[in-house]
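Please follow the strands of this protein one after another, and keep the structure in view while you read. The paragraphs below go from a hairpin to a sheet and end with the cysteines.

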Amino acid sequence: SWPELRRQVENFAAALRAMGVVPGDRICAVLPNTPQTAAVFLAAASVGAVWSICSPDMGPVAVLDRFRQIAPKVLVACDSVRWGGVDHDRRPLIDELLASLPSVEHALRGAQIDALLNGSADGVEAAAEKFEPTWLPTSVPFDHPLWIVYSSGTTGLPKPIVHGHGGIVIEALKAGLHNNIGPSVETGDRFHWFSTTGWIMWNGQLAALLSGTTACIFDGSPSAPSGVDAEGRPSKAPDWTTLWRFAGIARATFFGAGAAFYASCLKADVQPMQAADLRALRAIGSTGSPLSDECYDWIWQRCPQAQGQPIWINPISGGTDFAGAFVGGNITLPVHRGEMQCRCLGAAVEAFSETGVSLIDEVGELVCTQPMPSMPLYFWGDEGGHRYRDSYFDMYEGVWRHGDWIRITPRGGAIIYGRSDATINRHGVRMGTAELYRAVELLTEVLDSLVVDLEYLGRESYMPLFVVLRDGLTLDAALTRRINAGIRAAMSPRHVPNEIFQVLAIPRTLSGKKMELPVKKLLLGAEAHQVLNRDAMANPNCVDWFVAFARQRAAAAS
């Protein structure tokens with residue numbers, strides 16, 4: 001209930017103040033998507049602290065690459081997490097974080113978190129043993145930092161993106177309008193968007209609270225096996241009705257998930273209305289990657305109608321970078337398969353040619369030509385703002401380039417075709433290639449590596465990894481497993497490549513940079529002479545292997 005949420009936030013905020021947390025201190029969390037996590041975040045925000053969270057399924061390298069940059073004062077963490085019916089001990093991860101984060105003065109773990117939320121200080125440091133909840137939110141300026149989220153480029157550490165209180169509140173309220181949700185006591189709205197805490201949609205799900213809407217939170221695998229097999233043993237087959245059954249139990253009116261989820265449901269021939277009572281459902285949201293035409297048809301065929309009309313499909317596309325959407329839904333407009341209905345309020349989105357000409361009904365770079373409400377304040381530690389400007393304003397002077405391909409239709413809608421840069425976008429979670437390289441090249445057998453994500457023009461994500469091995473070594477099944485295990489441990493299971501190939505060399509520029517984007521364009525069908533300048537390469541002879549590989553892929557697909 002709202003009163004119970006307020007009580008827990010008051011209790012935890014009082015504890016933070018007793019520990020000496022003041023506005024601007026960083027509070028980092030490794031927590032799952034639960035109501036308790038939401039309350040801890042709201043408490044941190046209420047005292048003016050700066051929040052940052054990683055999902056418990058992330059490995060220590062990925063978490064430390066983020067938290068080390070911002071020197072947290074408090075770490076709030078779970079000791080275990082349950083996923084797919086299996087309990088995973090996260091204590092070794094948390095111990096490693098604490099050993100590597102000397103700035104942490106207070107570590108709140110496991111049962112301590114629940115105790116503080118419920119007004120007890122048992123087991124917490126002496127500084128917080130006695131406190132009375134006398135809670136009033138700390139007043140902060142409009143542009144006071146609210147949270148730090150992370151989006152990675154192709155080199156270096158993840159970018160620590162700082163968003164402000166005022167801009168995020170505007171963005172969140174704006175999302176309520178685009179999603180057509182309002183106060184639950186008046187509309188009965190119940191908002192669900194499946195996410196882990198490692199995805200910006202976790203922030204978006206909490207944003208529904210600002211509209212007075214009930215948030216329906218699901219923590220765990222969306223396809224956890226259930227039931228028994230033909231021989232009476234527990235089934236190991238994925239059950240893609242899990243989230244639909246949750247939506248029925250929660251009486252969700254808005255159901256959101258990544259596009260890959262709907263594609264999996266389609267392939268599994270899921271019958272949502274047979275699995276659950278979905279009569280309350282009025283809208284379906286999608287993001288993370290383009291929603292295919294086949295998924296539109298599947299949703300319209302398999303999900304309930306509202307007053308005799310097909311259910312409203314509301315795909316959105318935006319980014320961690322500004323914690324919002326560039327293009328999304330409008331309940332008053334018609335829905336066209338494969339197309340987002342409109343550009344969002346406060347987002348001057350256009351498709352630009354390479355020379356900066358605005359395009360209509362042609363694919364171009366997604367740009368935003370005017371400031372938007374939730375533009376980042378800055379990157380943490382980015383003195384002078386050089387990294388910020390290089391990330392978004394490197395191609396067009398004074399214009400934000402987001403790194404997606406987009407087509408603006410003559411009727412004002414928008415179609416997203418995937419990434420235009422080399423960033424990995426696996427199941428809606430963006431990470432830079434540099435993080436994956438660190439995980440792969442830790443193995444003594446691997447000398448060099450290159451990865452590309454070939455999600456484009458509505459295709460499913462296909463991510464091959466190319467590796468150079470030490471002399472005399474061959475990529476066999478055992479080494480493939482070790483590479484995949486290293487990526488899974490350092491990053492997450494979703495960043496394991498589809499396939500791994502051994503190559504003699506990785507294409508590099510004369511300055512030594514890996515040529516990710518040219519290789520990506522080559523594998524997407526571009527001619528070699530259009531994307532690869534051999535005169536500008538340190539090792540031009542290695543290109544022939546990739547050209548042949550691209551031809552083989554094209555022939556197999558035709």
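Strand 14 and strand 15 form a hairpin, with four residues between them, and in the turn alanine 323 has a positive phi of about 50 degrees. The model in which this hairpin appears is a predicted one. Strand 14 covers residues 317-319 and pairs with strand 15 in the antiparallel sense, over three bridges. Within this pairing, glycine 319 stands opposite glycine 324 of strand 15.

Strand 15, which takes in residues 324-328, is mostly covered, since four of its five residues are buried. Strand 15 also pairs in the antiparallel sense with strand 16, which is made of residues 342-343, and here two bridges are found. One residue to look for in this pairing is glycine 328, whose bridge partner in strand 16 is cysteine 342.

Further along the chain, we come to another group of strands. Here three strands form an open sheet in the order 25-26-27, and the pairing in this sheet is mixed. Why is one side of strand 25 and of strand 27 left without a neighbour in the sheet? Strand 25 (446-451) and strand 27 (499-502) stand at the edges and have a single partner strand each, so each of them has one side that no other strand of the sheet adjoins. On average, and with direction ignored, neighbouring strands of this sheet are turned by 25 degrees against each other.

The pairing of strand 25 with strand 26, which spans residues 464-469, is antiparallel and is made by five bridges. In strand 25 and strand 26 you can find serine 449 opposite valine 467, the latter being in strand 26. Helix 15, formed by residues 477-490, lies across strand 25, strand 26 and strand 27, and it runs at about 115 degrees to strand 26.

Finally, we turn to the cysteines. How many disulfides does a search of the whole structure find? The search finds zero, and two cysteines can serve to show the distances involved. For cysteine 265, the closest cysteine sulfur belongs to cysteine 303 and is 8.6 Å away, which is too far for a bond, because a disulfide needs a pair of cysteine sulfur atoms within 2.5 Å. For cysteine 295, the closest cysteine sulfur is that of cysteine 265, and this distance of 8.6 Å is also too far for a bond. Cysteine 265 counts as buried, at 0% relative accessibility, and cysteine 295 is buried as well, with a relative accessible area of 3%.

Terms used. Residues are numbered from 1 along each chain as its sequence is written. This is a predicted model: local features need pLDDT of at least 70, side-chain atom pairs count only at pLDDT 80 or more; totals for chains, interfaces and linings use all residues. Side-chain values use heavy atoms; hydrogens and water are left out. Two strands pair if DSSP finds at least two bridges between them. Axes are lines fitted to C-alpha atoms, for helices over the stretch in contact, and angles run from 0 to 180 degrees between N-to-C directions. Contact means heavy atoms within 4.5 Å. Buried means under 20% relative accessible area, exposed over 50%, partly exposed in between (1.4 Å probe, protein chains only).
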